[in-house]
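Hi everyone, thanks for making time. I'd like to walk you through a structure that may be new to you, so let's get it up on the screen.

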Amino acid sequence: MGEKTESRAVELDIHGIKRIFDVDDPVLPSWIDDEALTSGGYPYKKKLKEEEYLDELKTLQIELIKVQFWLQATGKRVMALFEGRDAAGKGGSIAATSAHMNPRLARVVALTKPTDRESGQWYFQRYVAQFPTAGEFVLFDRSWYNRAGVEPVMGFCTPKQYEQFLKQAPQMEKLIVQDGIHFFKFYLDIGREMQLKRFHDRRHDPRAVWKLSSMDIAALPKWKDYSEKRERMLKDTHTDHAPWTVLRANDKRRARLNLIRHILLTLDYDGKDKKAIGEIDEKILGMGSDILA
């Protein structure tokens, strides 16, 4: 772990109140712990029980295996993007979705910082190279939508590049759908106190501390900026052909179950058991920004 060399405490404006948050302090402040689950207008006061979650997840994962057999038999393709703030639960949702699928056919893509060569290419080019072939299910852990959030907030792209992206993304996604790819865009939304709690949990869990980066800390005071970019992204790139599916994700269990249900209910695969899949919780999942209003 190494010794702490300097304080990473930051002053944050939390609902109009100045708060000090030090991720290195082993004690989680009560103003975070008490409000984390219900932050951001989350509709439930308790998490889904683990036993209930695991039972439902197993049933849904059996349906996902049917999807994979269907993809192999028909050569159809599925692609899903997972977006959201840091610690929103993207990786866990991807893991729950792909856990029991054949890893040769269910591929996770998490691209690193572009190389000098990639930086000189058409922005979408390195992502297109990862698109699914016949029978594949590809899951993007972050995607080209970096340019709609992280890059403009942190100054990694120019205003012109940002505006150009918002115009080009719907056009590019129309081509994806026209080519017959089943295309999903998921945005996992969490409240501010929940994000702080998850950062704190990562910092003090030796198994997860690698997930907490200096970029995460630098982004803490920029919550409002990220919110504004999220709203613009959902407004400008939510289309009939490639809509955004937004999930309230303070409770990771409910978010994962509803996300997988949405995939299963959307795809017309062989042997589909609608009763086993169950119904979407409309308090958790909605289309576009409506659910966040």
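One term before we start: a residue counts as buried under 20% relative accessible area, as exposed over 50%, and as partly exposed in between. Take Asp236: its relative accessibility is 23%, so Asp236 is partly exposed. Keep in mind that this is a predicted model.

Okay, Asp236 has a partner. It makes a salt bridge with Lys235, with 3.7 Å between the closest N and O atoms. Lys235 has a relative accessibility of 65%, so that one is exposed. And the pair isn't alone: bridges with shared partners join Glu163, Arg232, Lys235 and Asp236 into one network.

Now let's look at the helix here, α10, residues 223-237. Its 15 residues reach 21 Å from the first C-alpha to the last, close to the 21 Å expected. Which residues of α10 are buried? They're Trp223, Tyr226, Ser227, Lys229, Arg230, Met233, Leu234 and Thr237. They cover an arc of only 165° around the axis, so they sit on the same side of α10. Here's the general background: an α-helix has 3.6 residues a turn, so residues three or four places apart point the same way. On the other side of α10, you'll find Lys224 and Lys235 exposed.

What do those buried residues pack against? Quite a list, including α7 (159-178), β6 (182-189) and β7 (244-248). And Trp223 has company: the charged end of Arg85 sits over its ring, 3.5 Å from the centre.

Two of those packing partners, α7 and β6, are also tied to each other. Lys185 and Glu173 form a salt bridge, closest N and O atoms 2.9 Å apart. Lys185 is in strand β6 and Glu173 in helix α7, so the bridge ties together parts twelve residues apart in sequence. Both residues are buried. In total, the structure has 19 salt bridges.

Last stop, the aromatics: 18 pairs in the structure. In one of them, Trp122 and Phe124 have ring centres 5.1 Å apart and planes at 55°, so we call that pair tilted. Trp122 is partly exposed at 42%, whereas Phe124 is buried at 1%. Trp144 and Tyr145 are tilted too, at 6.4 Å and 35°. Those four belong to a cluster linked by ring pairs, which also includes Phe165, Phe183 and Trp244.

That's my tour, happy to go back to any part of it.

Definitions and conventions:
Residues numbered from 1 in each chain as written. Predicted model: local features only at pLDDT ≥ 70, side-chain atom pairs only at ≥ 80, totals over all residues. Heavy atoms only, no water. Helix = DSSP H or I, 4+ residues; strand = E, 2+ residues; numbered from the N terminus. Expected span 1.5 Å × (residues − 1). Buried < 20%, exposed > 50% of the residue type's maximum accessible area, 1.4 Å probe, protein only. Arc of directions from axis to C-beta. Contact = heavy atoms within 4.5 Å. Phe/Tyr/Trp six-rings, centres within 6.5 Å; stacked < 30°, edge-to-face > 60°. Lys NZ or Arg CZ within 6 Å of the ring centre and 35° of its normal. Salt bridge = Lys/Arg side-chain N within 4 Å of Asp/Glu carboxyl O.
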